[in-house]
Amino acid sequence: MPPVIDPNNVYSEIGASHLSPAVQKDLARVYVPNLRSNDVSVIDPDTLKVVDTFKVGKSPQHVVPSWDLRTLWVANNAERTHDGSLTPIDPLTGKPGTAVPVDDPYNMYFTPDGKSAIVVAEARKRLDFRDPHTMAMQYSIDVPQCGGLNHADFSIDGRYALFTCEFEGSVAKIDMVNHTVLGYLPLPLPMAHAQEAAPTNGKPAKKMRMPKKGMPQDVRISPDGKRFYIADMMADGVFVVDGDAFKQIGFIPAGLGTHGLYPSRDGKSLYITSRGTHQIHGKPKGKGSVAVMDFATGKITANWPIPGGGSPDMGNVSADGKWLWLSGRFDDVVYRIDTRTGEVRQVKVGQEPHGLTVWPQPGRYSLGHTGNLR
């Protein structure tokens with residue numbers, strides 16, 4: 001794995017001034033996978049216009065930058081079928097290539113050394129390690145107690161990763177050296193939760209009757225590598241986990257249906273998205289919001305509700321750090337949020353946009369997802 005430049009800030013190389021020569025000529029675009037319309041909307045970030053739409057495979061979930069930053073892969077997991085595929089996009093032209101048949105690619109990551117793509121086969125409870133260019137199978141790791149195998153991030157030295165188990169309310173720790181499951185960590189729900197129902201007659205809404213376990217989603221490591229932050233859409237906040245000791249050490253309330261986590265370009269803040277509902281298939285115009293957490297203190301320093309309601313889900317920060325781009329999962333829009341003021345602009349896209357990526361992004365290499373660069 002490439003050496004860590006600053007052990008106090010693993011995000012030091014994703015700063016606005018660290019655009020790799022490999023991406024200098026790539027088109028500035030936002031690529032939006034639309035889960036229900038089976039296509040990708042391409043947005044010009046300068047004009048806020050959709051400049052292209054192209055069909056991909058069934059149920060596109062995420063657009064994933066490759067480790068070498070030269071391909072953007074659309075993960076079409078073909079929900080509940082065996083027709084999954086990966087569609088490559090050339091970032092120089094913004095055009096798709098020929099799809100590669102791949103079983104159940106809900107999400108995709110890359111090993112820190114770049115030798116393997118990791119296809120997250122959610123329905124199979126399995127991590128498939130594949131050639132990062134051809135996607136030929138290398139080997140697999142079964143994660144049998146991880147229902148809803150989903151999002152991940154890697155330790156600062158790349159020796160292990162934490163993967164969320166969405167339907168188990170837990171996290172799996174994977175040994176990246178010996179290719180084994182090191183264990184599972186349940187994340188108990190806190191006692192208090194956000195209110196989902198709207199207030200009536202001027203009276204506060206009653207709290208929802210909550211399930212007994214959470215639904216962990218996105219994962220991000222702290223700048224110094226000592227903690228992992230895990231969004232949980234049932235807990236309405238972020239669990240803090242000591243990755244080395246593999247134990248929960250804190251919880252930070254954030255918003256209703258907490259879902260996505262994105263570090264700022266300077267590595268000082270974490271943008272936390274909340275979809276505005278506990279439902280997997282929510283309604284439009286929910287109580288969606290974005291919270292801003294200070295990495296140094298663990299405190300929420302700002303909270304930006306989506307004007308008129310919305311469902312901010314997944315995305316990333318622009319190369320210059322000025323804009324946070326997020327899919328509006330249940331509103332068929334994309335949000336562009338000013339990272340200084342929280343002001344929101346919207347762009348209409350396809351049906352049920354999910355894991356969009358902003359391109360190009362600064363960094364030396366990509367660990368996958370919607371652009372976990374380092």
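Let me start with a term: a residue counts as buried when its relative accessible area is under 20%, as exposed when that is over 50%, and as partly exposed in between, with a 1.4 Å probe and protein chains only. One thing before we look around: this is a predicted model, where local features need pLDDT of at least 70 and side-chain atom pairs count only at pLDDT 80 or more, while totals for chains, interfaces and linings use all residues. Residues are numbered from 1 along each chain as its sequence is written, and side-chain values use heavy atoms, with hydrogens and water left out.

Strands here are DSSP runs of E, at least two residues long, numbered from the N terminus. Two of them pair if DSSP finds at least two bridges between them.

So, strand β23, please. It covers residues 289-294, and 5 of its 6 residues are buried, so the rest of the structure largely encloses this strand.

Who sits beside β23? On the one hand there is strand β22, residues 269-274, which runs antiparallel to β23 and is joined to it by 6 bridges. If you want a pair to find on screen, S269 has D294 in β23 as its bridge partner. Then there is strand β24, residues 300-305, which pairs with β23 in the antiparallel sense over 5 bridges. Here you can look for S289, whose bridge partner in β24 is P305. β23 and β24 form a hairpin with 5 residues between them, and in the turn G298 has a positive phi of about 75°.

As a quick reminder, strands of a sheet pair through backbone hydrogen bonds, either parallel or antiparallel.

Now let's move along to an open sheet of 4 strands, in the order β25-β26-β27-β28, with antiparallel pairing. Which strands stand at its edges? Those are β25 (312-317) and β28 (344-348); each has a single partner strand, so one side of each has no neighbour in the sheet. Neighbouring strands of this sheet are turned by 25° against each other on average, direction ignored, with axes being lines fitted to C-alpha atoms and angles running from 0 to 180 degrees between N-to-C directions. Within it, strand β27 (residues 333-338) runs antiparallel to β28, joined by 5 bridges, and I337 stands opposite V344 in β28.

Last stop: another open sheet of 4 strands, ordered β17-β18-β19-β20, with antiparallel pairing. At the edges you find β17 (216-221) and β20 (247-253), each with a single partner strand, so one side of each is left without a neighbour in the sheet. β17 and strand β18 (residues 228-232) run antiparallel, joined by 4 bridges, with R220 opposite Y229 in β18.

Thanks, everyone!
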